[in-house]
Amino acid sequence: MTKKYHVAICGASGVVGRKMLQVLHERNFPFETLTLFASKRSAGKTISYAGKDYVIQELTEEALQAPIEIALFSAGGETSKHFGPIAASRGIYVIDNSSAWRMDPKIPLVVPEVNGDVLKAEDHLIANPNCSTIQSVVPLAVLQPYGLKRVIYNTYQAVSGAGQAGINDLENHTTEKFPYSINNNVLPHIDVFTESGYTKEEIKMIEETRKILRMPDLRVTATTVRVPIKHSHAVSINVELERDFDLAEIRQAFQEAEGIILLDDPANLKYPLQSEVEDHDEVYVGRIRRDESVPYGLNIWVVADNIRKGAATNTIQIAEQLIKDGII
């Protein structure tokens, strides 16, 4: 008989937390009990899904203990910093969707299709990468056999990446979350600017890419942009490779890769669209073409649902990897 697990969602009232609930059901995750936690403000509210009502409980130190075995966190960095180690110290496997632990060298940063092999039984605190990083490293891992020399990211990120407040700004034509109107506009920065002129979002993509691909010296740069779309991020990726390649071979590699859907038929105007990948778990790749400005250059267009693959689904896939590997 397949074992079933005691699972908790911490931050269940948020956009990602609600999506986690949906994805757990849709992927038939083997949970025996499912406990929803959020702040004191949301405690007592009810979330209904798949014919069942779940009452949200307040997240407290006392609540994070057995029989909970897996805790999926999407409650913000400060909450994760406080509650994550407490849960982990009690033997719970914590998979955290915030940026709190991503660059800690002792904490695995995981995209299962790319580096799921890094997970070990002693890893009770595991980091889920940034949404744009997740969808970018999945195709980059396919290109690694050709030798990654340099990567240039330009992102087109949906407002849902900023949570419900970002969605509200788009729908209500307000500027509560963003400094300028996002309606009929693009904002060429995500998160705050640093002294270097890069934003924190750009630095996350750069550093996380190196860590996940296990290439600490990889040359990476990024420009992250918010666009007036509710869901799904797009990333234009320019890659300089170490050796030559055959485009047909590259397409075949993408076609066969786990977690990727190839949509690359320019003659018939077939390429990934943000409006068409919403609520899908896969990463869509298209617009594959040579960059003739360098000896071994390649351009690709990568689109994924940032709330699913970029957050909820990848978090749950990590839990599935722990089960698959017999770690839990």
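In this predicted model, D246 is partly exposed, with a relative accessible area of 42%. The cut-offs explain the label, because partly exposed covers the range between buried, under 20%, and exposed, over 50%. D246 sits in the loop between strand 11 and helix 7 (247–256). Its C-alpha lies 19 Å from that of I260, at a sequence separation of 14 residues.

I260 belongs to the pairing of strand 12 with strand 13. Strand 12 (260–262) and strand 13 (residues 283–291) run parallel and share three bridges. Within this pair, I260 stands opposite V283 of strand 13. L262 stands opposite V285, also in strand 13.

Strand 13 also pairs with strand 14. This second pairing is antiparallel and spans six bridges. One of the partnerships links R290 to L298 in strand 14. The two strands form a hairpin, and five residues separate them. Strand 13 thus has a parallel pairing with strand 12 and an antiparallel pairing with strand 14.

These strands are part of an open sheet. Six strands build it, in the order 10-9-11-14-13-12, and the pairing is mixed. Its edges are strand 10 (219–223) and strand 12 (260–262), each of which pairs on one side only. On average, neighbouring strands are turned by 25° against each other, direction ignored.

Helix 4 lies across this part of the model. The strands beneath its path are strand 9 (148–156), strand 11 (233–241), strand 12, strand 13 and strand 14 (297–304). Relative to strand 11, helix 4 runs at about 35°.

Helix 4 also meets two other helices. Two packed helices are described by the angle between their axes and the distance between the axes. For helix 4 (residues 131–143) and helix 9 (residues 308–324), the axes come within 8 Å and cross at roughly 85°. The two helices are therefore roughly perpendicular to each other. Helix 4 contributes C131, I134 and V138 to the contact, and helix 9 contributes K309, G310 and N314. By class, the contact residues are three nonpolar, two polar and one charged.

The second partner is helix 6. Here the axes of helix 4 and helix 6 come within 10 Å and cross at roughly 40°. Helix 4 and helix 6 are therefore oblique to each other. Their crossing is right-handed. On the helix 4 side, the contact is made by S132, T133, S136, V137, L140 and A141. On the helix 6 side, it is made by E201, K204, M205, E208, T209, I212 and L213. Six of the contact residues are nonpolar, four are polar and three are charged.

The loop leading to helix 6 holds two backbone features. H173 lies in the loop between helix 5 (164–172) and helix 6 (200–213). H173 is not a glycine, yet its phi is positive, at about 55°. Its relative accessibility is 57%, so H173 counts as exposed. D191 lies in the loop between helix 5 and helix 6 as well. D191 has a positive phi of about 70°, again without being a glycine. At 34% relative accessibility, D191 counts as partly exposed.

Further backbone features occur earlier in the chain. Strand 3 (residues 46–49) and strand 4 (residues 52–55) pair in the antiparallel sense over four bridges. T46 stands opposite V55 of strand 4. Strand 3 and strand 4 form a hairpin with two residues between them. A50, in the turn, has a positive phi of about 55°. A cis peptide bond joins A66 and P67, with omega at about 15°. P67 is located in the loop between strand 5 (57–58) and strand 6 (70–73).

Terms used: Residues numbered from 1 in each chain as written. Predicted model: local features only at pLDDT ≥ 70, side-chain atom pairs only at ≥ 80, totals over all residues. Heavy atoms only, no water. Axes fitted to C-alpha atoms, helices over the stretch in contact; angles between N-to-C directions. Parallel < 35°, antiparallel > 145°, perpendicular 65-115°, else oblique. Contact = heavy atoms within 4.5 Å. Nonpolar A, V, L, I, M, F, W, Y, C, P; charged D, E, K, R; others polar. Buried < 20%, exposed > 50% of the residue type's maximum accessible area, 1.4 Å probe, protein only. Left-handed = near helix turned anticlockwise from the far one by under 90°. Pairing = 2+ DSSP bridges.
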